[in-house]
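I opened my notebook today with two places in mind to look up. Here is what I jotted down along the way.

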Amino acid sequence: MLDRTYLRENPDEVRDALENRGADVDLDEILAIDERWRELKARGDELRHERNQITQQIGTYVAEGNEEKREQAIEQSRELKGEIEEVEAEADDLQEELQERLLEVPQVPHESVPLGLDERHNVEDRRWGFDDLRELPGEVVPHYELGEEMDIIDEERGAKTTGAGFYFLKGDGARLEHALIQFMMDVHREQGYVDLFPPVPVKSASMRGTGQLPKFADDAYRLGDSNDEDYDDEDLWLCPTAEVPVTNMYAGDILLDDDLPLKHQAYTPNFRREAGEHGTETRGIVRVHQFNKVELVNFVRPEESYDRLEGLLDEAEEVLRRLGLPYRILELCTGDLTFASAKTYDIEVWAPADDMDDGPEEGGRWLEVSSASNFEEFQARRAGLRYRPERHESAEYLHTLNASGLALPRVMVAILEYYQNEDGTVTIPEALRPYMDDQELIEGHEKVGESALGAGKRE
RNA sequence: GCCAGGAUGGCCGAACGGUAAGGCGCACGCCUGGAAAGCGUGUUCCCUUUGGGAUUCUGGGUUCAAAUCCCAGUCCUGGCGCCA
């Protein structure tokens, strides 16, 4: 959420910034509401002042036993009460509306963010790992075919038990998932992250704190009620990213200056509705309703947040470097920033199987595995995350940042495709082998059930 | 789930229905050769800041007036029950 005073004092700057994002916000209306609210607030304060004085007088009259003056004052106070109620009722309505409007105003982009309308204007900073590629099969089999063939990814049965967009990992597939989680958390622990295992359902208030609500209710899974119904602060949602529980963990708290920078990592499942996202680009496990992710969340002093963003990006990249997976770094343009973010880098891993137009010259395509973002005060103001820079001074909002480190299914896609061998097996990246009992190769499993017979996969 | 008790500033902790003591911490000032002690001031948010308003977990109610009385909720503690 933006600061009201800042908004009041820099309307043109904010207007430009929001326009650059392509945000549809009527700033003038917000400012008009604020203006009117301040008038009423001043009037209400005045009336209350009057009444406070009268009420105090009554106390004196009672002590003196001055019956007549007491009655008179009480009558006066009653009158004022009605007037105050009227003025304040309107002020409260405006205040509430202002609050609602402000919750829907996105973050102002940082000055260094490239201008642009959408993803086409994102700027590629650099690539890693393409100079020394491993030798790939003549025809790389897409992960969804290979995964089914090897019987390590079972989408059909996931759809059966739960629905489209859910899948089983099996055998070496499931094992690879666990290995990746442990591996990633070890890497980040080396980088100074403290592990968290958060609760998976989160309250509406938490979702609001990080910016998922109120605007993006449709993307989330709500527990116990339809997304169309009104929700309360206490209503629960399935965690869409560990960013939500972890960032809100310190909501309303005042951290000590010494606590910062505070770095947490959390592994959780993530649930997203992804309505209407079906097609060739999303075949397999590239876009699913439930996936695992190790999330990195940083709480830092405001003046350090942009340095930390670079550090955070590097910490997330480290996972791909150790896995030997080629990737690139994008700087998101103003039009492609997420709601709460002031600046974002995307990390996109290379998945060589499906040739797509916007992929690299080597073929294949890019898959986003992480977004490293600086939210500055935006989430801190919503969630009430503060710290005290100097002991005697008042508490200030800190800055929050986060990045995936990384989203697992897409990393798995990259491994299954990039580490694929001519004979259809997959070499396990060296860094992962210690987590898989030094296994070097994924060869797959014999399929189970009568359908395997009919397909000629079993005899 | 039931019963009982509780929630007051950064922290601790008082307050017959009459308008939030005191202490600690921290900062600044005075004092001092310097420090400690002592003394003074300050230490939540909002507004149109020589001033005013709000604020005792949250939301309602009673009253001229609520930290205080009533109702509902949240969380914490203890006891009982249930339970992987």
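**Entry 1: Thr241.** I started with the contacts of Thr241: setting aside neighbours within four places in sequence, this residue touches Gln212, Asn270, Arg272, Lys293 and Glu295. I kept in mind that I was reading a predicted model. Thr241 sits in the loop that joins β6 (236-238) to α9 (243-248). Is Thr241 buried or exposed? I noted a relative accessibility of 5% for Thr241, and since buried means under 20%, Thr241 counts as buried.

**Entry 2: the annotation.** I then checked the UniProt record, an unreviewed entry, where the annotation "binding site" takes in Thr241, Ala242, Glu243, Arg272, Glu295, Asn402 and Ser404. Among the contacts of Thr241 I had already met Arg272 and Glu295, and both are in that annotation.

**Entry 3: Glu243.** Next I looked at Glu243, which belongs to helix α9. Glu243 has 10% relative accessibility and so counts as buried. Beyond four places in sequence, I found Glu243 in contact with Thr210, Gln212, Asn248, Glu295, Val297, Phe375, Gln379 and Asn402.

**Entry 4: Asn402.** That last name sent me to strand β15 (residues 399-407), where Asn402 has its place. Asn402 is buried too, with a relative accessible area of 4%. Its contacts, again without neighbours within four places, are Glu243, Glu295, Leu296, Val297, Leu312, Ser371, Ala372, Ser373 and Phe375. Which side chain makes a polar contact with the side chain of Asn402? I found that of Glu243, at 3.3 Å.

**Entry 5: RNA strand B.** I moved on to the RNA. I listed 22 residues around RNA strand B, of which Arg38, Asp45, Thr55, Ser77 and Arg78 come nearest. Helices α3 (27-64) and α4 (67-103) each give at least two residues to this surface, and α3 has the largest share, with 12 residues. Sorted by class, I have 11 charged, 6 polar and 5 nonpolar residues there.

**Entry 6: what the protein meets on the strand.** Which part of RNA strand B do the atoms within 4 Å of the protein belong to? I noted 76% for sugar or phosphate, with bases making up the rest. For individual pairs, I found a side-chain N or O atom of Arg38 at 2.5 Å from a phosphate oxygen, and a polar side-chain atom of Arg48 at 3.2 Å from a phosphate oxygen. The side chain of Ser77 has an N or O atom 2.6 Å from a sugar or linking oxygen of the strand.

Key: Residues are numbered from 1 along each chain as its sequence is written. Chains are lettered from A and ligands numbered from 1 in the order in which they are written. This is a predicted model: local features need pLDDT of at least 70, side-chain atom pairs count only at pLDDT 80 or more; totals for chains, interfaces and linings use all residues. Side-chain values use heavy atoms; hydrogens and water are left out. A residue is near a molecule or strand if one of its heavy atoms lies within 4 Å of it. A polar contact is a pair of N or O atoms within 3.5 Å; within protein, one must be able to donate a hydrogen and the other to accept it, and residues adjacent in sequence count only if both atoms are side-chain atoms. Helices (H or I, at least four residues) and strands (E, at least two) are DSSP runs, numbered from the N terminus. Ala, Val, Leu, Ile, Met, Phe, Trp, Tyr, Cys and Pro count as nonpolar, Asp, Glu, Lys and Arg as charged, and the others, Gly among them, as polar. Buried means under 20% relative accessible area, exposed over 50%, partly exposed in between (1.4 Å probe, protein chains only). Contact means heavy atoms within 4.5 Å. UniProt positions are given in the numbering used here, feature names are shortened, and annotations may be inferred rather than shown by experiment.
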